[in-house]
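Biologist: I would like a close look at one part of this model, the packing of its helices, and after that a walk through the open and enclosed spaces. Please take your time and keep the account connected.

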Amino acid sequence: MTSPSSHPEGLVVTRAALGDWPVIKAWAGDEGWDPGVSDGPCFFAQDPEGFFLGRIDGEPVSAISVVNYGADYAFLGCYLVRPDLRGRGYGLTTWRTALAHAGGRTVGLDGVVAQQGNYRRSGFEFAHKTFRYGGVPTAGAATATAAITTAASGVRGAEATDLDAIIAYDSRCHPADRPRFVESWLGATGHRALVRVVGGRLTGYGVIRPAADSLRIGPLFADTPDDARALFAALIGESGGRRVCADIPETHTSAVALAEEHGLTPSFETARMYTGPVRPYATDRVYVVTTLELG
């Protein structure tokens, strides 16, 4: 662990521990981001040294994560400052301290509209918009879900024997390999992971998880629109009439149509931005982003 960084006005930035996650989660909830119930342990499983808190006199005032994926890629998220202490430079100081953790890696983020100008000035370049679609699935969608969620659809619950295939599939749909995260994400408390298998081959997978205000779908990765439709319907079928949310790249028109078919509507937007090149990955298979905090 690095030594604490001291700054003017008494701000001290240090690495956060998993025990600090409830503070970060509460702030994220206040912003309307609706973090998942079990997100913290999954996030820390990928990079336990990638979370930071700024404190004044021991009290948390700012937070950020810079999670490393391998030697070439990192993802920035959880960038938060307590509302009553904004505009004093605490966030920027916390940002600069944490960003050093990425080293020379390309860094990605999903930035809220209000911060995108600041991110551009920090060297991030726009890639695409992402919209959060949400709502209680419509009755018509529920009927369609019941019809498609059969053995004939090829959709079933993920099993332990699927882990290697899911990790390999996930790697084709993400700018970096993330086996530790995927294994934790699939097995986290309350998470329900589904796969579609056609002809003995995995053609997609998806996860739905509980949050405070909704059930969150993410990721949903699939070979084709038909694979995505079968998985999305089955995931919606897990909702039991509760509100469902999914973060969908604006450029993926089939994914947008899928959400709209189920009566989900857009609320807020973010921008995927990068500081440099990322390895090619199957963006056409990314129907729903895993999580705005970790990519």
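Biologist: How are H2 and H7 oriented to each other, roughly parallel or roughly antiparallel?

Modeller: Please keep in mind throughout that this is a predicted model. Two packed helices are described by the angle between their axes and the distance between the axes. For helix H2, residues 39-46, and H7, that angle is about 160 degrees, and the axes lie 7 Å apart. Angles over 145 degrees count as roughly antiparallel, and H2 and H7 are therefore roughly antiparallel to each other. Their crossing is right-handed. On the H2 side the contact is made by Asp-39, Pro-41, Cys-42, Phe-43, Ala-45 and Gln-46, while H7 contributes Arg-180, Phe-181, Ser-184 and Trp-185. Sorted by class, the contact of H2 with H7 has 6 nonpolar, 2 polar and 2 charged residues.

H7, which spans residues 179-187, also packs with helix H6, residues 163-172, and here the angle is about 125 degrees with the axes 10 Å apart. H6 and H7 are therefore oblique to each other, and the crossing of this pair is right-handed. Leu-163, Ile-166, Ile-167 and Asp-170 are the residues of H6 in this contact, and they meet Pro-179, Val-182, Glu-183 and Leu-186 of H7. The contact of H6 with H7 divides into 6 nonpolar and 2 charged residues, with no polar ones.

From the helix contacts we can turn to the spaces, beginning with the largest pocket, which holds about 660 Å³ of space. Its lining is made of 32 residues, and those closest to the centre of the pocket are Tyr-79, Leu-80, Val-112, Gln-115 and Tyr-119. Two or more lining residues come from each of strand S5 (73-81), helix H3 (90-99), strand S6 (106-112), helix H4 (116-121) and strand S13 (265-274). Among these elements S5 gives the most to the lining, with 6 residues. In terms of class, the lining of the largest pocket comprises 16 nonpolar, 9 polar and 7 charged residues.

The second largest pocket contains about 220 Å³ of space. It is lined by 18 residues, and nearest its centre lie His-128, Pro-249, Tyr-281, Thr-283 and Val-286. At least two residues of this lining are supplied by strand S7 (125-135), and at least two by S13, the strand that also gives two or more residues to the lining of the largest pocket. The lining of the second largest pocket divides into 9 nonpolar, 7 polar and 2 charged residues.

Lastly, the structure holds 1 cavity of 30 Å³ or more, and the volume of the largest cavity is about 30 Å³. Its lining consists of Trp-21, Ile-24, Ala-28, Trp-33, Pro-35, Cys-78, Leu-80 and Glu-293. Helix H1 (21-30) and S5 each supply at least two of these residues, and the largest share, 3 residues, comes from H1. By class, the lining of the largest cavity has 7 nonpolar residues and 1 charged residue, with no polar ones. Leu-80 appears in this lining and is also one of the residues closest to the centre of the largest pocket.

Conventions
Residues are numbered from 1 along each chain as its sequence is written. This is a predicted model: local features need pLDDT of at least 70, side-chain atom pairs count only at pLDDT 80 or more; totals for chains, interfaces and linings use all residues. Side-chain values use heavy atoms; hydrogens and water are left out. On a 1 Å grid over the protein atoms alone, a cavity is a set of points where a 1.4 Å probe fits but cannot get out, and a pocket is an open set with protein on both sides within 12 Å along at least five of seven lines; lining residues have an atom within 4 Å of a point. Grid points are joined across faces, edges and corners, and a volume is the space filled by probe spheres set on the points. Helices (H or I, at least four residues) and strands (E, at least two) are DSSP runs, numbered from the N terminus. Ala, Val, Leu, Ile, Met, Phe, Trp, Tyr, Cys and Pro count as nonpolar, Asp, Glu, Lys and Arg as charged, and the others, Gly among them, as polar. Axes are lines fitted to C-alpha atoms, for helices over the stretch in contact, and angles run from 0 to 180 degrees between N-to-C directions. Angles under 35 degrees count as roughly parallel, over 145 as roughly antiparallel, 65 to 115 as roughly perpendicular and the rest as oblique. A crossing is left-handed if the near helix is turned anticlockwise from the far one by less than a right angle, and right-handed if clockwise. Contact means heavy atoms within 4.5 Å.
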